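Subject: The structure I promised you

Hi,

Here is the structure we talked about. Have a look at it first, then read on for what turned up.

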Amino acid sequence: MDRHGNEFEDFANEDLFPRLTDDLLILILSMVSGDLKFLCQCMLISKRFALLIPLISSGTLSIPLPEYRSQFEFFKGQVMYVDKALRSFWNIRSLHLEFVEEECEESILQWKAVFGSNTYTCACLAYNSITKLSSTGASAIAAGSRTINNTKTGTIFRHIVDPNMWRIFLAVGHPMVESVVITDSKRQGKVYFRNSELGDTRTYTNLLDVWNNRFAERRTSFKFVEVPELRLPKSGFLMKGVYLAINKIGEHSAEDDKYDDLLNCNFGPEENVFGEALNLILGTPEDRLVVRGRYAHGFYISHVRII
C-alpha cells in the first residue's frame, strides 16, 4: 500500500508539461484562446512557447480604433496594427478580424457583404427607429439619431467600402491567409471570404496602391436609398427614417442595377429583419421610386427616394 501511495505521490509531483508533444500543445493553446494579442503575450513565457505559438493556424484579432481621422490614415492605422500582429503568426490560415466600434455610436446599423468571382456587393442599413408591431399597437424597442449625420454617414461609407480593401490587402500582404471573417464589436454585420475569390492582385504593390485602387479601377457604383417608413410584415417591425447604402464593384456595375447576389445570399437567424428590409427596398416597383443618377469622379452614384 505504501509502495502504491508513494508511486502516486511521485506521479502527482512530477512535471508532466514537458511530456506534451508539440502538436498537442499547439492544439491546447489554440483552444484555450484564439486571441492573437493574448497569444503574443504567451510567447514571452518560455522559449518553447515562442517557437510553437507562431505555428497556430487560426485566430482572432480585435482591431482598436486608430487615432487618425482622415479616411486613408484611418485605414492605414488599422492595417499597420494587423500587419504587425500577423508578422508573428506566419502560419495563420484562418483569420477573424473584429473591428472595435465607438461606444458613443448607437447600434442602428446593419451591414453585409457578398463576394463573387468577379464582383463585390456590400449593403449597409441604417434607421432612426424601429418599433414592434402588435395587436395593441407599436412599441419602440430601439431608437437612434433623428438624422443621419456626417459621422454616421462616414461610418456607413466605411462599412460598404472597407471589406473589399481588406480582402485586397490580405491577399497581397499575407497570401498565406486562406479564409477571413470580418465582424464589428457590436455584431452589426459579418462577411466571410476566401482569398481565392480575389482574382488578379498583381497590380497591387503596397498599401497606397491598394488605397488608390480600392474601387477596382473605378468599375464601381454606389446606390443610396431613403425610405421614410418601412413595414416588415414577416418579422413584425416598423422602421422609420430608413437609409440604405450599397457599393457594387464589377465589370458592369454602373449599368447593372440588379443585386441578386446580395438578395440570394444566406441570411442567418440574427439577420432576418435586415434581410426582409433589404428585399422589400430593392423590390420596390419603379413607379414608387424617385431616382437621381450621376457620374462623379468616375463612379456612378444613384440617389433613390421611395414614395
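Which residues line the largest cavity? Before I answer, keep in mind that this is a predicted model. The lining of the largest cavity is made up of Q78, F99, E101, W111, R158, H159, D162, P163, W166, I182, T183 and D184. About 120 Å³ of space lies inside that cavity, and the structure holds two cavities of 30 Å³ or more. Two elements give two or more residues to the lining of the largest cavity: helix 6 (150-173) and strand 7 (179-184). Helix 6 has the largest share, with five residues. If you sort the lining of the largest cavity by type, you get five nonpolar, three polar and four charged residues.

In case you wonder how one looks for such spaces, rolling a probe the size of a water molecule over the atoms shows where empty space is left.

Next, the pocket. The largest pocket holds about 510 Å³ of space. Its lining counts 26 residues, and the closest to the pocket centre are K112, G189, K190, V191 and E271. Here the elements that give two or more residues to the lining are strand 3 and strand 8. Strand 3 gives the largest share, seven residues. By type, the lining of the largest pocket splits into eleven nonpolar, eight polar and seven charged residues.

Those two strands come up again with the aromatic rings. The count comes to six aromatic pairs. One of them is F115 with F193: the ring centres are 4.9 Å apart and the planes meet at 55°, so this pair is tilted. What does the pair tie together? F115 lies in strand 3 (residues 109-115) and F193 in strand 8 (residues 189-194), so the pair links parts that are 78 residues apart in sequence. Are these two rings buried or exposed? F115 has 10% relative accessibility, so it counts as buried. F193 is at 0%, so it counts as buried as well.

Another pair to look at is F222 with F224, which is stacked, with 6.3 Å from centre to centre and 10° between the planes. Both F222 and F224 are buried. There is also a cluster, in which ring pairs link F99, W166 and F169. You have met F99 and W166 already, in the lining of the largest cavity.

Some rings have a charge for company. K132 lies over the face of F237, 4.6 Å from the ring centre. In the case of Y259, the charged end of K248 sits over the ring, at 5.3 Å from its centre.

One last residue to click on is L95, which lies in strand 2 (residues 94-99). Its relative accessible area is 2%, so L95 is buried. What does L95 contact, leaving aside its neighbours within four places in sequence? The answer is L36, G59, L86, L170, V177, S179, V180 and V181. L95 and T60 are 35 residues apart along the chain, yet their C-alpha atoms are separated by 6.0 Å.

That's the tour. Try finding F115 and F193 on your screen, and see how their rings are tilted.

Cheers

How values were computed
Residues numbered from 1 in each chain as written. Predicted model: local features only at pLDDT ≥ 70, side-chain atom pairs only at ≥ 80, totals over all residues. Heavy atoms only, no water. Phe/Tyr/Trp six-rings, centres within 6.5 Å; stacked < 30°, edge-to-face > 60°. Helix = DSSP H or I, 4+ residues; strand = E, 2+ residues; numbered from the N terminus. Buried < 20%, exposed > 50% of the residue type's maximum accessible area, 1.4 Å probe, protein only. Lys NZ or Arg CZ within 6 Å of the ring centre and 35° of its normal. 1 Å grid on protein atoms, 1.4 Å probe; cavity = no way out; pocket = protein on both sides within 12 Å on 5 of 7 lines; lining within 4 Å. Points joined across faces, edges and corners; volume = space filled by probe spheres on them. Nonpolar A, V, L, I, M, F, W, Y, C, P; charged D, E, K, R; others polar. Contact = heavy atoms within 4.5 Å.
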